[in-house]
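Trainee: Could you walk me through this one? I'd like to start with the cysteines and then move on to the contact between chains.

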Amino acid sequence: MTEKSYRDAIRDAMMEEMDRDGNVLIMGEDIGVYEGTFRITAGMLKKYGPKRVIDTPIAEAGMVGTAVGMAMLGLRPIVEMMTMNFAIVAADQILNHAAKVRYFSGGQVDVPVVIRGPQGAGVQLSAQHSQTFESFYAHFPGLKVVAPATPADAKGLLKTSIRGRDPVIFLESAALYGMKGEVPDDAGFTVPFGVSRVAREGSDVTIVSYSRMLQMSLIAAEKLSRDEGIECEVIDLRTLRPLDLEPACASVTKTHRCVVVQEQWKPFGAAAEIAASITETVFDELDAPVARVTGEDVPMPYARNLEVLATPHEQHVIAAVKKVMYANG
Amino acid sequence: MAKAKEQTSATIDPVAACAPEWTDILRQMVLIRRFEEATEREFRKGRIGGYLHVYSGQEAVASGIITALQKDDIVFTGYRDHAHALALGTEPRRIMAELFGKATGVSKGKGGSMHLFDVEHGFYGGYGIVGGHLTLAAGAAYALRYRQTERIAVCYFGDGAMNIGSFHEAMNMAGLWGKAGMCPILFIIENNGYAMGTSVERHSALTDLSARVRAYNIPTEKVDGQDVFAVRGVADRVVRQIRETGTPYCIEAVTYRFSGHGAADILQPYRSKDEVEQHRHRDPIGILRNRLGEICNLTDDDVKTIEEWASGEVAAAVQFAEESAAPDAGELWRDVVAEQGPARENE
């Protein structure tokens, strides 16, 4: 184990896979000469050359579409989105092409393309640069959607993404890039898709989350333990598609109470799907309706105070936990 | 800006024109026509569902280019795709079965008319979103060169695909990658004069369509798309050049579709019967047949034999499609992601 940042874990995963497999390449805007907006690709152009580290024009549909074509012909392209907000420009290439060509060809091609980049709010980037997209992509069959919460998972899940045979939407939390954590040194280390984990054990309330909200939920859980004596079990979903709710349902069977935490808007968000599925599966175990903690249903404002109001924080999780325990004042 | 060649007319000399290959091309074009006529009949009978876009009138564009390719070259096109698959050698019965939605279809009955796909014969689809496949083809061409093969990609699209962003992004990236010899691709504009029902004059601010490709540093050449000699003549030269240099090239084939845009386009209010009639005088099959008659003594009996052979092939394809079983219910879930599809050797 070595302590690594989330950012370095992502970089290590890509470089190890590029060293391991000559068919892996990376493309994106200003990832080469400029060395990447978040410097995740710093030094890669020098090491791998311009055929494997491709600076593209600002043309997301072009980047993703060409990567899909490369993937169909046996390469394993990684497309770096400067932010995932820009990937919407390539929605047709992702949703109509990458996600569907295996199916409508009757299984004649693989599409091993990874589309990765940061998302999320918190640094006053306002309406067009602060969104989160997991429910948007997870709606579509044919895609895989990954949202790691730790450096180790970022590395292990990215390696699984690169080695796979399907298009992967790899959602990084911009706010977690600097976060440090223990990462296995073994170059063969991977984390499988569709295997949730128990991030914290507890007996009173189950909190289900992923990515940055998972880290926030853990902080809330510690505060609840310290201040209220409430012990939360926190489940990290890791991947939204495939979605593994077995540990969450098993936990609810123990706690009988559940809170789902997401950064994105409430209507039709990931938490709605998760809450509905848990309710369908373990309805009889629930002593309270599943609660949702979400961002406010508004475009992200610029002003710092308004941005804080628009995004979920520990106190919202704490309030939701108390609500499902009928412990609110 | 890249260079434009003057419009090219027939360049094949009479001796070469009498090579047996030209009779094979005639057979292929007749087969495509008979096949498309059958699809229209079967659509009206309700045995083909969804959308149906037929290629009648444009045969020389598919056959003239694809017969110039090597076996392992690859082809992408839009949804008017039956002819390309036939020209690449996909069995007619497997295409017809796909249109009938049968398990024996090229895409196991899961793609239909717009999504024919036959990797074994180099056919990478069959796409239904106008212009969407151009970027895929450019990326595929990059991959062919990246993997140090001599193969090239061919990407067909209509004049109607030239106004959407994907067209411009694909052209720009192909032009850029071509500078490093990393994009061996032949773009074919199938300029049939209409984006569905909107004429070139009404859909493109600049009606010199290939000029818009040259803006991306890709050389272009306009060719009479009704004359397979002309198309093939350009293709032979250009395909060789792309293979050698790894740089993109674009042929604008000026052609005409005799049928409606799709099977539902019956009234065709955007063009007159007169206009269609005028163009029918320039039927690519008639032009080739007459040429072979004049200079190679192809007889009416020879032509009749070809017609009968093609009708027989198509009738057998229809019968095969009709008799084939529908996909089993388990097919619904197969091929959504890799775990649900066939295992494949990963390299």
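Trainee: How many disulfides does the structure hold over all chains?

Mentor: Bear in mind that this is a predicted model, where local features need pLDDT of at least 70, side-chain atom pairs count only at pLDDT 80 or more, and totals for chains, interfaces and linings use all residues. Residues are numbered from 1 along each chain as its sequence is written, chains are lettered from A in the order written, and side-chain values use heavy atoms, without hydrogens and water. A disulfide here is a pair of cysteine sulfur atoms within 2.5 Å. B:C18 and B:C296 fit, with their sulfurs 2.1 Å apart, and the count over all chains is one.

Trainee: What is the handedness of the disulfide of B:C18 and B:C296?

Mentor: Look at the torsion about the S-S bond. For B:C18 and B:C296 that is about -90°, so the disulfide is left-handed.

Trainee: Why is B:C155 not bonded to B:C250?

Mentor: Burial doesn't separate them: B:C155 is buried (under 20% relative accessible area), and B:C250 is buried as well, at 0%. What counts is the gap between the sulfur of B:C155 and that of B:C250, the closest cysteine sulfur, which is too far for a bond at 9.5 Å.

Trainee: Which residues meet in the salt bridge between chain B and chain A?

Mentor: We need a side-chain nitrogen of Lys or Arg within 4 Å of a carboxyl oxygen of Asp or Glu. The count between chain B and chain A is one. At 2.9 Å, N to O, the partners are B:E339 and A:K144.

Definitions and conventions:
Buried means under 20% relative accessible area, exposed over 50%, partly exposed in between (1.4 Å probe, protein chains only).
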